[in-house]
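Grab a coffee and work through a few exercises on the structure shown below. Try each task yourself before you read the solution.

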Amino acid sequence: MKVSVVIPVYNVEKYIEDCLRSVINQTYTDLEIICIDDAGNDGSKGIVKKFMASDSRIKLVENDANMGLAAVRNRGLEIAEGRYVYFLDSDDMIKENAIEELCSLSEAENLDACIFAAEFIYDDVNIDEMQKKDRSRYKGSYPFVLTGKELFKAWMEAWDWMPSQPRYFYRRDFLEKNNIRFIDGILHEDETFAFDVLMNADRVRVLDEAYFIRRFRASSIMNTVPTMRNVEGCVEILCHVDDYLAGYGMRLFDGSGFYNDDAELIEGIRYYGSKIFRDVIRKYREVLYHHLPCEPTGRIKSSPEKTAMFERIKKFSRLEVFDCSSHYQILVALMKAMTEGYSIDLILEEHGIKNASDLAPRLASMLPQYVAGVFFCREHEEVDPYEEKNAAADPQLALLVEECVEWDLGDRVEARLRKYDRINVFWDLGFLGTYLNIKGINYTLHEDSLNSYKHIKANRPNYAYIFNEEERNAHEGVVPFGYSPYCEAVEVNDISGIEIPVDKVKVRSREEMMNSLTDYQKKLIFDVFVDTDLNVKHLNELTCGTVLILTEPFAVTGRLKDEEVQIRLYEDLIAKYGKGKRVVIKAHPRDILNYGKLFPGVDVIPRLVPMEVLNFDKDFHIDTAVTVTSSAIYGLQNAEEKIYLGAEYLESYR
C-alpha cells in the first residue's frame, strides 16, 4: 500500500538533507518520494540526486521555470500513484514512525484525512517571540471520527484552525474525487486547500501526536514583511470562501441567512472569513505603512469579484483611530465604523473605562470586521490633563498608549499617530487630545455625549472662558471644543443651540446612525457590552408602570458636596417619580454608589453597560426616564416620556 510523499524543493540546500533523511528512514517503507525542483539556483538539486543514487524510491522532477509552491504541489499530486499522499516542505521533517502510524489508523478507520500536531525547531529567529506567536498542538480535544464540516465548526468555536498542509495525511482518491487542488500563483495556498478538504470530507480524525517537525527560519515566506502578494492571496481566500457560501444563497459579509438547517456551519464560515478579513487588513496596513507597492495585479483586476473584495479591503484599511474615555464613546465609534463601512483602531482611556482590560479583548475578538486594534491609555498618577494648565510645558502629558492587542506603539507613539488618515477624539482636554495639541497633530473632535455641546455653559462652568474671546486668547493651555488650531472638524449630533466654531462643525445624527444599523450589527454590539451581569430576561419584563432613573457621579466630580447629598437627591427622585411604579436605576459608569444596596426594592442595570445598547433590545420598554443633567436620556428610544431636570435642579442640594 504505497504512500506518495510530495516535497517541493527550492533553494533549500541547507535543509533538504535533513528533510530527505526523515523520509527515507521511515519505519514504513512502501514509499514514493516525489521531489520537484522548482528551478532553484543553489545546490539543492545535487543533494537530491545524491540520495537518488542510493534510494530508488526517490523521483526528481525538474521544472524549467519557477512555478511556485501551489503549482508544484499540484504537479506532485498528478504524478503521485500511492493510496495515500502527504505534502512535506523541504525545510521541515517528519518523525520516523509517522507514516506507519498514520497509514495504519487511516486504513483502520477508513479516513479521508488525518490531521496531527507539530513540534517546532528554530533557525536564526528569536525563539521567545516565535513561541508567543505559534502553537504546536490543538487547544480542543477531538477524540472521535468527525465529518469535515463537524470538525470545522468545532475548530471555529475554539479557533483551532490550522491549515498547514504538512499536518494533513490524505487518502488520494478522496482528493481526486472532489477535485481538490491548490490555487496556483498565490501565497497562503494552504488555506483554501484545507477549507475544501473539510467542506468535502466524510471521515476525519485529529491526533494529539506531533508527527510533524516544523522549522522556523527568518528567510521563510511566513516570516517576511507582508507585501501585495500576501494581500492578494487573502483576496483569493475570501473570494473562494464567498463563492462556497453562494451555494447557500448568501455571502460572507451579508448578515442574513443564519437561521436555517446549516446555521451553525454558516456562522462558522463567516467567522472564519472575518478572521481572514482582519488578517488582510493588518497586512494591507503594513504594506501602506512601509510604503510598498499597494495596487493589485492583473490577476485581481481581471475579476470583478476579486476587484470588489479588494476595494472592500481598501475601504476597511483606512487608518483611523478613535480615542474613547466612556462606553458611550466606544458605541459611537463602532456605529460609525459599521454605518460608514471601515475598520478602526480604538484607544481606551482607563480613567473612564474601568473595565478596559476586560473589554479590549472582547472588542477585538467579537468585532474583528470593524475593530482592527485596541490599545490602552493608562492615566499617570502625577498628571491631571483636565486642569487649565500650560499643557505644552508639561512633557508628562505625552505618556499615552500601551499595547493591548496588536501594534506596539511604545516609543513610536508620535510616528504611529501621524500615520493615521484621521484621529478622532471625544474630549480634547483628555490624555490623547492634550498630547495631540502638544505635538501639533491634527484631529477631529466629537461630542463626548449626546447633545453635550448645548449644555457646556450650564454643565461645565470650568470652561466658560472659551466663550469669551479675550479670556480664550489669554489662556495658556489647550483650548477645547473646536477652538484649538489643530482641531480640523467638530462632529455633533445637532448643530442647533451650540456656540462652538460653526465653520468647523459637521452634523452626524447619532439616532440616524443607530437606526441604520442592521439587526445583526445591533446584536454584535449588544453582545460585546452585555454579559451575564445583566439579566436580560428579567429586564424584558419591564413593560409598563416602570420609571428609569439615570444617575450621575455628582459627588465624584464635586458638583455635590458628598455622597450623602447625592443619595438624598436620588431618594427624592425615587419618591417623586417612582411612587406606585417599578423603579430601575442605570448607574453612570463613574458613579461609585451601590444603588442595589441603598435601595433594595430597585432594579439596577450594571454601570458598565452603556444605556444606549438597551435600544437594541426590542422587548425592553419603560414609561418614564428621568435624569438631572445626563444628555444620554435623549438617546433612549424605548421610553414614552423623558424628563430632563437641568443643572438648576442641583441648586437646592448644594
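One thing before you start: this is a predicted model.

**Exercise 1. Find the buried face of a helix**

Task: work out which residues of helix H2 (residues 44-52) are buried, and what they pack against.

Solution:
- Step 1. Pick out the buried residues of H2: you should get Ser44, Ile47, Val48 and Phe51.
- Step 2. Now look down the axis of H2: these buried residues fall within an arc of 100 degrees, so they line one face of the helix.
- Step 3. Does that spacing make sense? An α-helix has 3.6 residues a turn, so residues three or four places apart point the same way.
- Step 4. Check what sits across from the buried residues of H2: they pack against strand E1 (3-9), helix H1 (16-24), strand E2 (31-37) and strand E3 (58-62).

**Exercise 2. Two odd backbone angles**

Task: take Trp159 and His188, look up phi for each, and decide how each is placed with respect to solvent.

Solution:
- Step 1. For Trp159, phi is positive, about 45 degrees, even though the residue isn't a glycine.
- Step 2. You'll find Trp159 in the loop that runs between helix H6 (148-158) and strand E7 (168-171). Its relative accessibility is 21%, so Trp159 counts as partly exposed.
- Step 3. His188 isn't a glycine either, and its phi is also positive, at about 65 degrees.
- Step 4. His188 belongs to the loop between helix H7 (172-177) and helix H8 (189-200). With 13% relative accessibility, His188 counts as buried. The cut-off for buried is under 20%.

**Exercise 3. A buried arginine without a salt bridge**

Task: find out what surrounds the side chain of Arg510 in helix H19 (residues 510-516).

Solution:
- Step 1. Look for an opposite charge. The nearest such side chain is Glu447, 4.8 Å away, and buried Arg510 has no salt bridge. The cut-off for a salt bridge is within 4 Å.
- Step 2. Look for other polar partners: the side chains of Arg510 and Tyr328 make a polar contact at 3.3 Å.
- Step 3. Fill in the rest of the surroundings. Setting aside neighbours within four places in sequence, the contacts of Arg510 include Val332, Met335, Phe426, His446 and Asn493.

**Exercise 4. Sort some salt bridges**

Task: the structure holds 26 salt bridges. Take the pairs Arg171 with Asp112, Lys523 with Asp527 and Asp603 with Arg582, and say where the partners of each pair lie.

Solution:
- Step 1. In the Arg171–Asp112 salt bridge, the closest N and O atoms are 2.7 Å apart. Arg171 lies in strand E7 and Asp112 in the loop between helix H4 (98-108) and strand E6 (113-123), so this pair ties together parts 59 residues apart in sequence. Arg171 is buried at 11% relative accessibility, and Asp112 is buried at 6%.
- Step 2. Lys523 and Asp527 form a salt bridge with closest N and O atoms 2.9 Å apart. They sit four residues apart in helix H20 (residues 519-529), so about one helical turn separates them. Lys523 is partly exposed at 46%, and so is Asp527 at 28%.
- Step 3. Asp603 and Arg582 meet in a salt bridge of 3.0 Å, N to O. Asp603 is in strand E19 (residues 603-605) and Arg582 in strand E18 (residues 582-586), so the bridge ties together parts 21 residues apart in sequence. Asp603 counts as buried at 18%, whereas Arg582 is partly exposed at 29%.
- Step 4. Finish with a network: salt bridges with shared partners link Arg73, Asp89, Glu189 and Asp190.

Key
Residues are numbered from 1 along each chain as its sequence is written. This is a predicted model: local features need pLDDT of at least 70, side-chain atom pairs count only at pLDDT 80 or more; totals for chains, interfaces and linings use all residues. Side-chain values use heavy atoms; hydrogens and water are left out. Buried means under 20% relative accessible area, exposed over 50%, partly exposed in between (1.4 Å probe, protein chains only). Helices (H or I, at least four residues) and strands (E, at least two) are DSSP runs, numbered from the N terminus. The arc is that of the directions from the helix axis to the C-beta atoms. Contact means heavy atoms within 4.5 Å. Lys and Arg count as positive and Asp and Glu as negative; His and the chain ends are not counted. A polar contact is a pair of N or O atoms within 3.5 Å; within protein, one must be able to donate a hydrogen and the other to accept it, and residues adjacent in sequence count only if both atoms are side-chain atoms.
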